[in-house]
Amino acid sequence: MTFEAICAEQVAALQTRSVELSCVSLGGSVRAFSDEWFADAANLIKPGPAVSLKGQFGPKGALYDGWETRRHNPDYDWVIIRLAPAGGGKISGFDIDTTTFNGNEAPAFEIYGLWSEQPDVEENSDQWVMLMETTSCGPAAHHWFQHMDGGLTESSFTHVKLHMIPDGGISRFRVYGQVDLPLVGTGLSEVAVPEHPELNTLDLAHMLNGARVVFTSDEHFGRGSNLLLPGRGSDMGDGWETKRSRTPGHRDWVVVQLAEPGVLSSVDVDTLHFLGNFPESCEIQGCLYEGPELVPPGHDNLHADAWFPLVARTALGPGRIHSLDVIPSGKQRVATHVRLTMHPDGGIKRLRVYGRRAMELSKAGINLHSPAALAALPPLPRRTGERGMPHITHASLLTPHGFAPYGRVVAEPTADYPAPGGVKRVNQDTASKHCELAHVTQTYPKHERVQTNVHVYVSDPRGPRSLLLPFGVKVLERHRYTTQMFLPVSPPTGAHASGQEGYLVIVALPGPDGQPDLSSLQAFWAATDQGISYAPGVWHHPLVATGTAPTSFVCVVNECESQPKLDVDEVFYG
């Protein structure tokens with residue numbers, strides 16, 4: 001057998017040197033399964049530990065945070081998981097976790113793998129390669145395995161198939177490994193200079209570029225490797241969070257091996273979702289180390305000579321990206337590792353480290369050992385990762401034509417803006433039906449439980465229009481998989497009859513990376529007889545009610561019962 005069971009000490013080493021290739025936070029997905037009668041297969045790859053749902057019941061029986069199938073299967077149940085990224089990776093180990101199942105756990109399992117350019121593969125394909133033979137597992141426990149001698153598989157895999165023999169439940173299925181390095185530099189550059197590729201910058205701390213965490217002082221509530229995940233996630237579950245300290249002068253730290261040696265220019269420290277538990281401050285050092293040890297020497301000494309300052313100790317705030325420039329002396333040295341130290345403890349969501357690749361600079365004749373040569377490199381333009389607060393200084397009147405890139409306007413049609421679906425006389429010729437002003441649609445991943453819900457929002461008044469602009473945009477949100485419709489139902493009387501009634505709609509289109517494209521940011525004044533329906537994926541600010549009285553809105557939206565975290569993404573500014 002290529003993989004062997006390991007003890008607790010070896011588990012820590014496996015997690016430190018590996019990426020969790022199966023995790024949904026990195027882009028892993030469940031593509032197919034034989035059965036999920038009692039609990040969803042998608043739970044296998046959720047971030048964070050499985051939680052007990054003891055005493056909770058649904059229409060099919062007891063609820064479990066894991067994958068559970070029907071009883072009395074004559075052979076086996078199976079699930080196919082596409083690993084992340086799409087280019088695949090080499091596998092170093094597995095965790096078959098049954099912590100939430102006792103008496104209904106899977107008695108045994110097998111694991112297979114294959115490589116394919118297609119997102120979906122057949123369960124009975126002859127390309128599957130056995131990675132682990134039939135192996136017994138017990139109740140309420142982690143079952144850890146690593147590749148022989150702590151190495152990696154020779155081949156890369158894009159998909160794994162887990163057989164549960166014959167049926168039962170598994171809480172989590174973790175596949176650990178390393179991203180294939182040909183991905184380095186393919187699409188995660190921040191600034192590209194085609195005529196001088198040596199001047200391009202790259203997020204050298206991005207997991208998909210090949211960076212990895214090699215040491216974490218504490219990860220009681222969240223793993224250090226989460227700092228390098230793509231995107232910003234949807235809750236604290238995929239950030240780095242340490243336990244509360246009680247010792248004066250305490251600090252926690254994480255060491256990141258960069259994707260490549262680099263000359264660093266700036267850093268983003270993101271505390272999204274950490275609102276009452278963000279660190280008081282942080283500081284960042286770098287070092288150049290190419291020795292045989294996984295962790296550079298002196299990593300536990302804040303004043304070790306080998307480590308040089310990149311970012312001085314800086315106060316942090318809640319729920320936002322802190323864009324920090326590297327100090328001048330730090331820009332004059334090459335780093336292979338960075339150390340992020342938080343004082344005294346808390347949680348950080350993401351770490352981005354931007355810099356120029358030392359190998360490209362060397363090829364261009366830049367002397368990497370000369371601080372003067374590195375200091376003479378041309379300055380970088382403003383990074384796309386910065387999050388200064390955008391301001392709305394102008395808003396247009398809401399029309400179906402102007403709002404079309406962002407969604408639909410729901411209002412009584414006019415000659416200029418007729419109903420897209422035409423007009424019908426209905427209800428025994430007592431009413432006109434203006435058809436298909438908007439659609440209620442959803443594209444959630446298959447197998448998720450989705451329900452169309454109707455809510456009422458009562459928005460606090462923000463004052464007359466004349467006093468609202470300029471308006472600082474502190475947050476934008478989106479619903480990737482669903483339309484979201486708002487229909488005002490407040491009567492246009494009293495304060496709403498002054499000409500200031502209605503609401504302000506602020507929208508932006510997604511850019512190539514899925515984040516808001518602020519060049520597309522627009523605002524519209526809407527009246528109380530106009531509703532709006534956001535298209536899936538459109539970024540928008542919460543509705544801003546104008547006037548002096550609250551405005552009530554009926555909201556029609558699809559929501560995911562099985563994974564609520566899929567419902568909304570947020571970006572905070574300022």
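Visitor: What makes the 65 residues of the largest nonpolar core one core?

Guide: In this predicted model, a core is a set of buried residues of nonpolar types joined through side-chain atoms within 4.5 Å, and buried means under 20% relative accessible area. The largest such set has 65 residues, and F94, F173 and L351 have the most contacts inside it. Strand β19, residues 252–270, gives the most to this core, with seven residues.

Visitor: Which domains does this core draw on?

Guide: At least three of its residues come from each of domain 1 (3–179) and domain 2 (197–376).

Visitor: Why would nonpolar side chains be found together like this?

Guide: In soluble globular proteins, nonpolar side chains tend to be buried together.

Visitor: What makes a residue part of the lining of the second largest pocket?

Guide: A lining residue has an atom within 4 Å of a pocket point. The second largest pocket, with a volume of about 610 Å³, is lined by 27 residues, and Q15, G48, P49, R174 and R223 are the closest to its centre. Elements giving two or more residues to the lining are β2 (19–20), β8 (89–97), β11 (142–147) and β14 (172–179).

Visitor: How many residues of each class are in that lining?

Guide: There are 10 nonpolar, 11 polar and six charged residues. Gly counts as polar and Arg as charged, so G48 falls in the polar class and R174 and R223 in the charged class.

Visitor: How do you know where the Allantoicase domain feature lies?

Guide: The positions come from UniProt, in an unreviewed entry, which places the feature at residues 27–179 and 210–357. In the model, residues 210–357 are 0% helix and 45% strand, and the end C-alpha atoms of that span lie 13 Å apart.

Methods. Residues numbered from 1 in each chain as written. Predicted model: local features only at pLDDT ≥ 70, side-chain atom pairs only at ≥ 80, totals over all residues. Heavy atoms only, no water. UniProt positions renumbered as here; feature names shortened; annotations may be inferred. Helix = DSSP H or I, 4+ residues; strand = E, 2+ residues; numbered from the N terminus. 1 Å grid on protein atoms, 1.4 Å probe; cavity = no way out; pocket = protein on both sides within 12 Å on 5 of 7 lines; lining within 4 Å. Points joined across faces, edges and corners; volume = space filled by probe spheres on them. Buried < 20%, exposed > 50% of the residue type's maximum accessible area, 1.4 Å probe, protein only. Domains from an automatic or database assignment.
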